[in-house]
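Me: I am new to this structure and would like to go through it step by step. Could you please show it first?

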Amino acid sequence: MGFRCGIIGLPNVGKSTIFNALTAAGAAVANYPFCTMEPNTGIVAVPDKRLLKIADIIHPPKVTQTTIEFLDIAGLVRGASRGEGLGNKFLGHIREVDAVVHIVRCFENPDVAHMEGVIDPIRDIEIVTTELILADLETVERRIEKTQRMAKVGDKSAAKELDLCLSVRDALNQGHPVRKQDFDQASASIVRSLFLLTSKKVLYVANVGESALKEDSPMIAGLKSYAEQEGSRVIVICGNLEAEIVELPVKERKAYLMDMGLMESGLEKLIHEGYDLLGLITFYTTVGPELRAWTIPAGTRAPVAAGRIHSDIERGFIRAEVIHYDDFIRETGWQMARDKGLIRSEGKDYIMKDGDIVLFRFKV
């Protein structure tokens, strides 16, 4: 699995339109079967030009792309944290995703009513954020009650955790999402164990009309400024246009995008920004008949990367034979690269690089 994104937003902002377009586009463009595990969940392959170029050289019988999972959460409303609408049921689904994709309505359409009456992206974001904060407060309060009992009987670690939880609660009460709070390594580990909704990194998706795709409106500029202040990012997508694109034959989509003055689809934009936001990289393996892409966090050491393939490979790790994608393509494969001494033997401390092509040696 590449990474998991929970798609959130108010009702009638275009969430379902964008979700359907993104998942359909991913399935068709990447030639990866669309997988519906639940009515609101879709897994699609990540478009990867490097993977295709490697395949053109080695002609493997099987090519497997890394994937992204989209979880489409029902529209949140005021009071969702208290169970209004579909409330807590769907808030719970966000807890274990890697990042949140927050769809924000930035288009006028008299045929599509807005629950607040007037289009205002910042207000809409703050409505949803408030509900997530309130849900997190409930979670933190429960942990405080538990750690207070443990601290009273002399548990020193519980006392430290209690201080942390009280600090997190105070910040939440002041309207500060957890992702905007600073923690040392030990505290960050405790916070992660709480699976707080506002700890997730956020990518805002401005859903606009076609006319707003080529230049920022004051509404988009304001949204980007808001996101920048909290260390988040914004991409601009026209949900209706994406829905039209996926109806086209695959070979015609690129030309259509170019005619519209666009360099890439909404899915490609989202994936690029998502990888950057989460600090993810891709490496490749060419074992047996399969060429495969894998997603890992930047800074991952070779044995841990091997564990993404199988725990036995991590446990029995001996070394990694590594060549970078650029060298592999320039030398048109393993043999010429090996003859020029471009394949390196790396040990347990090697930190994987984006674009590494790796053969893991191990013994169990």
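Me: What is the strand order in the open sheet with strand 2 and strand 4 in it?
Reply: This is a predicted model. The order of that open sheet is 2-4-1-5-6-7, and its six strands have mixed pairing.

Me: Which strands stand at its edges?
Reply: Strand 2 (41–45) and strand 7 (233–237) do. Each has a single partner strand, so one side of each is left without a neighbour in the sheet. From one strand to the next, the twist averages 25°.

Me: How many bridges join strand 6 to strand 7?
Reply: Five bridges join strand 6 (residues 201–207) to strand 7, and the two run parallel. As an example of facing residues, V205 stands opposite I235 in strand 7.

Me: Which strands does helix 4 lie across?
Reply: Helix 4 (residues 121–152) lies across strand 1, strand 5 (99–105) and strand 6. Relative to strand 5, helix 4 runs at about 140°.

Me: Let us turn to the other sheet. What is the order of the open sheet that has strand 3 and strand 9 in it?
Reply: The order is 3-9-8-12-10-11, an open sheet formed by six strands with mixed pairing. Its edge strands are strand 3 (62–64) and strand 11 (344–346), each of which pairs on one side only. On average, neighbouring strands in this sheet are turned by 30° against each other, direction ignored.

Me: In which sense do strand 8 and strand 12 pair, parallel or antiparallel?
Reply: Strand 8 (residues 280–285) and strand 12 (residues 356–362) pair in the parallel sense, over two bridges. T285 has V358 in strand 12 as its bridge partner.

Me: Which strands does helix 2 touch?
Reply: Helix 2 (residues 49–58) packs on the sheet and touches strand 3, strand 8, strand 9 (290–297) and strand 12. The direction of helix 2 makes about 150° with that of strand 9.

Me: And where does helix 11 lie?
Reply: Helix 11 (residues 302–309) lies across strand 8, strand 9, strand 10 (317–324) and strand 12. It runs at about 125° to strand 9.

Me: Now for a helix pair. At what angle do helix 5 and helix 6 pack?
Reply: Helix 5 (residues 156–173) and helix 6 (residues 185–193) pack at an angle of about 70°, and their axes are 11 Å apart. Helix 5 is therefore roughly perpendicular to helix 6.

Me: Which residues meet there?
Reply: From helix 5, E161, L164 and V168 meet S187, I190 and V191 of helix 6. By class, this contact of helix 5 with helix 6 has four nonpolar, one polar and one charged residues.

Me: A change of topic: how many disulfides are there?
Reply: The count comes to zero disulfides.

Me: Is C165 buried or exposed?
Reply: C165 counts as buried because its relative accessibility is 2%, where buried means under 20%. C106 also counts as buried, at 10% relative accessibility.

Me: Which residue in the loop between strand 1 and helix 1 has a positive phi?
Reply: N12 does, at about 65°, although it is not a glycine. Its loop lies between strand 1 (3–8) and helix 1 (15–29). With a relative accessible area of 45%, N12 is partly exposed.

Me: What about T332 and its phi?
Reply: T332 has a positive phi of about 55° and is not a glycine either. It is found in the loop between helix 13 (325–330) and helix 14 (334–339). T332 is exposed, with a relative accessible area of 55%.

Methods. Residues are numbered from 1 along each chain as its sequence is written. This is a predicted model: local features need pLDDT of at least 70, side-chain atom pairs count only at pLDDT 80 or more; totals for chains, interfaces and linings use all residues. Side-chain values use heavy atoms; hydrogens and water are left out. Axes are lines fitted to C-alpha atoms, for helices over the stretch in contact, and angles run from 0 to 180 degrees between N-to-C directions. Helices (H or I, at least four residues) and strands (E, at least two) are DSSP runs, numbered from the N terminus. Angles under 35 degrees count as roughly parallel, over 145 as roughly antiparallel, 65 to 115 as roughly perpendicular and the rest as oblique. Contact means heavy atoms within 4.5 Å. Ala, Val, Leu, Ile, Met, Phe, Trp, Tyr, Cys and Pro count as nonpolar, Asp, Glu, Lys and Arg as charged, and the others, Gly among them, as polar. Two strands pair if DSSP finds at least two bridges between them. A disulfide is a pair of cysteine sulfur atoms within 2.5 Å. Buried means under 20% relative accessible area, exposed over 50%, partly exposed in between (1.4 Å probe, protein chains only).
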